[in-house]
Each structure stands twice: as C-alpha cells, then as structure tokens.
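Got your viewer open? Load the model, colour it by secondary structure, and follow along one selection at a time.

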Amino acid sequence: MSGLSESKKPKMVQYTTGYWSIKGLGAPLRMMLCYAGVSFESLCYDVKMDAETGKLDARSWFSPKKSLKTSNPFINLPYVVDESSGLVVSQTNACFSYLGRKLGLWGTTQEEVVMCETLLSEIMDLRNAMTKYAYNQDHDKVQEDGVELLDNVKGKNGIMQKFELHLGSVVGGFLLGGKVTAPDFHFYEMLDQYAFLSTFLGAGDFLSSFPNCRSYYENFKSHPKNRYYLSSDLNGMPFNNKKARFGSTPEGGRFVKGQDYSWKDAGGVYEGSSAPPVMVGGSKGLPPWWILNKVKPEGGEKDMGTWKAISFSKDQQEQFGVDEDGNVVNQTVFDNAINK
C-alpha cells in the first residue's frame, strides 16, 4: 500500500501521514499516532534504484505532491492530513506541533509550549548533524567521520550535554517532566539512531556517559503505548534513503543496486486502539483482524478524550474470544470463529 494514490485512499482513518519508505523524519510522527491509538494511514513513497545504473528515481512522490500542492503550497515530506477537516499540514515541526495539540501530546501552559518548541528545534540540530554525516558521499571515511560525529555530539559543548542537564532538572521521566509530548518521539528516534551508529562502528555504548538520557531512552522504549509501533513493520525500515552511506538498509550498511528489499511495503492502514490488536491473517503492518475478515465492531464508539475508538459488543466478544477493544484473549475460540 506504500505510495497509494490520494484518490484510492480509504476514508475511515483519522489521519494520513506521508513520507519516504524509510524512518527519517516520518518515524516519530508515525510513532506518535501509534502511541495515541488513533487510526491512520502511512503512505510510504519509495525511491527506486535502477538495478544496472544505480540511478535513483523518486517519481512515486511527484504526482501526489502536485495534487497536495493545491491544498498546501508549502507541501513537502513529511506531511499530515487531518481527515476530519481535510487540513494538510507540512514541514516537520509544524506536523509535530499539530499532532501534539490534536492528540494531547503538547504543552498546556505558555511555559510548556515554549519548551516543546525549544526541544523540537534542539532535536532537529541533533538530526541535522546525523543527516549531514549519513548522506556524505565520501564512502572511504564512514568510520572516521562517524567517530568524529559521535565525539562532537557527546563532547563538552555537544548537544547531548544539554539534554543530560535538562533531563536531570525535570521530574517524571520525560522531556516535559511527567507527561509525554511530541518532542519525546523525535528525541527517542535520534537516541536510537546514534546508539545504533555507535554500535555499528564499534565505538562503544553511546549513552555510557549520559545516565539521565539512558534512563529516558530505556523507559520510553518500554512504555506500553509504544509497543504497537515498535513491533510493527514501520519500525523495521532503514533510517535513511538508498543514497546514504550509513543506514540505507535496516542493518546499517549501504544499499546495493539490485538488492531485494521488503520495507517498501510497510505502509498501510494502522488501526488504533488502547492496546495493540493481535494481527491475524497477515504480517505486521497489515490492518487488524476485524478489517481483514470484514467484521464490523458493534459495541459503539468509546470516548477517548481527543478521539473515538471502536469497541466490540458482548456477543462479539464471546463469538471471537476477544475483549472490548478487539484484543484476542482466547486463541482457540478466535481461530474457530475466523476459520468457519
């Protein structure tokens, strides 16, 4: 479903996100939507590489871009469409702040809003340093330049020192203290990338000198609401596109022309719920079992504050061996019902 045309896009979802078929700037936005438990479609535009010449082709994005430009002249990747209003939001930090406000993942006071905006800007500096390194085309200096990057961001005046100091000054475990906000998702993604790079280069534990950042990283990664995203195919994409010298494959190395790959198919509809549903009938990243098997939830909508969730009736729960949210609680009953 990656790169699905706008005219064929299902309308039952609450949001649509568009980005390349990589993690990049799209990953934290997708992670936010999974955390919030809303239904969304992830459109993934794949950059193809000619198997003989190695030439890159990004035309999968050109046609949708032309169409979306009529709704937002500033359209670029990533973008977010709010399907309830048709509003098209573009530019990375605008997408973060919009989803943050809509999903209850934003500051509520003037001071908190300013801090969210500050954090997003600072995290973008951390990302830009990584992007500059990853897309540098001097392939002979991957190791040397990578170690230099790690030393710079970890150094006395490096960005990581700022975050270590900040996290030591707040109580609650997240960047804004006791509540999760939009910057958390981007910061987690960047910590994950830098930790991966350090391991990939054999440069040791990236977070060894940053106990506050380490605690943050481990706690955020283990948050129950992040389980859905982290177990999905969205999290199996490479960090960067095929041109990058680092992270253009999920293993961290360079993409080779003619190489077969599956992550281009990670896009699709992700159906939100208070806990991730069991995906039956396909691989991770496919719609949940009730969509795959054309079962309509009959329990009515549940008010989740900023959004509405589906639910299953008592009769359906007994019939399919699921709970109110569609999670399978009796596999035998479920299998018998689905396979009838």
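Before we pick anything, a word on labels: helices and strands here are DSSP runs numbered from the N terminus, with at least four residues for a helix and at least two for a strand. With that naming, you can go to the loop between β6 and α3 (92–103) and find Gln91 there. Keep in mind that what you are looking at is a predicted model.

**The whole chain**

Zoom out for a moment. The protein chain carries 12 helices and nine strands. Of its 340 residues, 51% are buried. The accessible surface is about 15,800 Å², and carbon and sulfur atoms account for 50% of that. If you take contacts between residues at least 6 apart in sequence, 62% of them join residues at least 24 apart.

**Stop 1: the sheet**

Select the strands of the five-stranded sheet. Reading across, the order is β6-β5-β1-β2-β7, and this open sheet has mixed pairing. At the edges sit β6 (87–90) and β7 (268–270), each with a pairing partner on one side only. From one strand to the next, the twist averages 20°.

A quick reminder while you turn on hydrogen bonds: strands of a sheet pair through backbone hydrogen bonds, in either a parallel or an antiparallel sense. You can see one of each here. β1 and β2 run parallel, paired over six bridges; show Thr17 and you'll find Ser42 of β2 opposite. Strand β5 (residues 79–82) and β6 are antiparallel, with four bridges between them. For a landmark on that pair, show Asp82, which stands opposite Leu87 in β6.

**Stop 2: helices on the sheet**

Now add helix α2 (residues 59–68). This helix packs on the sheet and touches β1, β2, β5 and β6, its direction making about 125° with that of β2. Next, bring in α1 (residues 26–36), which lies across β1 (15–20) and β2 (40–45) and runs at about 155° to β1.

Stay on β2 and show its side chains. How many of its six residues are buried? Six of the six, so to speak: the strand is mostly covered. Phe40, Ser42 and Cys44 point one way, Glu41, Leu43 and Tyr45 point the other way, and all are buried.

**Stop 3: the loop after α2**

Follow the chain into the loop between α2 and β5, where you'll find Pro78. Check the peptide bond from Leu77 to Pro78: this one is cis, with omega near 5°.

Phe74 is in the loop between α2 and β5 as well. Is Phe74 buried or exposed? Its relative accessibility is 65%, so Phe74 counts as exposed. Leaving out residues up to four places away in sequence, Phe74 touches Ser90 and Gln91. Try a distance label too: Phe74 and Val88 lie 14 residues apart in sequence, and 9.8 Å separates them C-alpha to C-alpha.

That brings us back to Gln91. Its phi is near 75°, a positive value in a residue other than glycine. With a relative accessibility of 44%, Gln91 counts as partly exposed.

**Stop 4: helix α6**

Jump to α6 (residues 159–169) and show its side chains. Ile159, Met160, Phe163, Glu164, His166 and Leu167 are buried. Why do these residues line one face of the helix? Look down the axis of α6: the buried residues fall within an arc of 165°, so they line one face. On the other side, Leu165, Gly168 and Ser169 are exposed. To see what the buried residues pack against, add α4 (110–134), α5 (142–154), α7 (182–200) and α8 (211–221).

**Stop 5: Gln316 and the cysteines**

Head to helix α11 (residues 314–320) and select Gln316. At 5% relative accessibility, Gln316 is buried. Apart from its neighbours within four places in sequence, its contacts are Val295, Lys296, Pro297, Glu298, Gly299, Gly321 and Val322.

Last selection: the cysteines. How many disulfides does the structure hold? Zero. Cys34 counts as buried, with 5% relative accessibility, and Cys213 is buried too, at 0%.

How values were computed: Residues are numbered from 1 along each chain as its sequence is written. This is a predicted model: local features need pLDDT of at least 70, side-chain atom pairs count only at pLDDT 80 or more; totals for chains, interfaces and linings use all residues. Side-chain values use heavy atoms; hydrogens and water are left out. Buried means under 20% relative accessible area, exposed over 50%, partly exposed in between (1.4 Å probe, protein chains only). Contact means heavy atoms within 4.5 Å. Accessible areas come from the Shrake-Rupley method with a 1.4 Å probe; for residues, only the protein chains shown count as cover. The arc is that of the directions from the helix axis to the C-beta atoms. A disulfide is a pair of cysteine sulfur atoms within 2.5 Å. Two strands pair if DSSP finds at least two bridges between them. Axes are lines fitted to C-alpha atoms, for helices over the stretch in contact, and angles run from 0 to 180 degrees between N-to-C directions.
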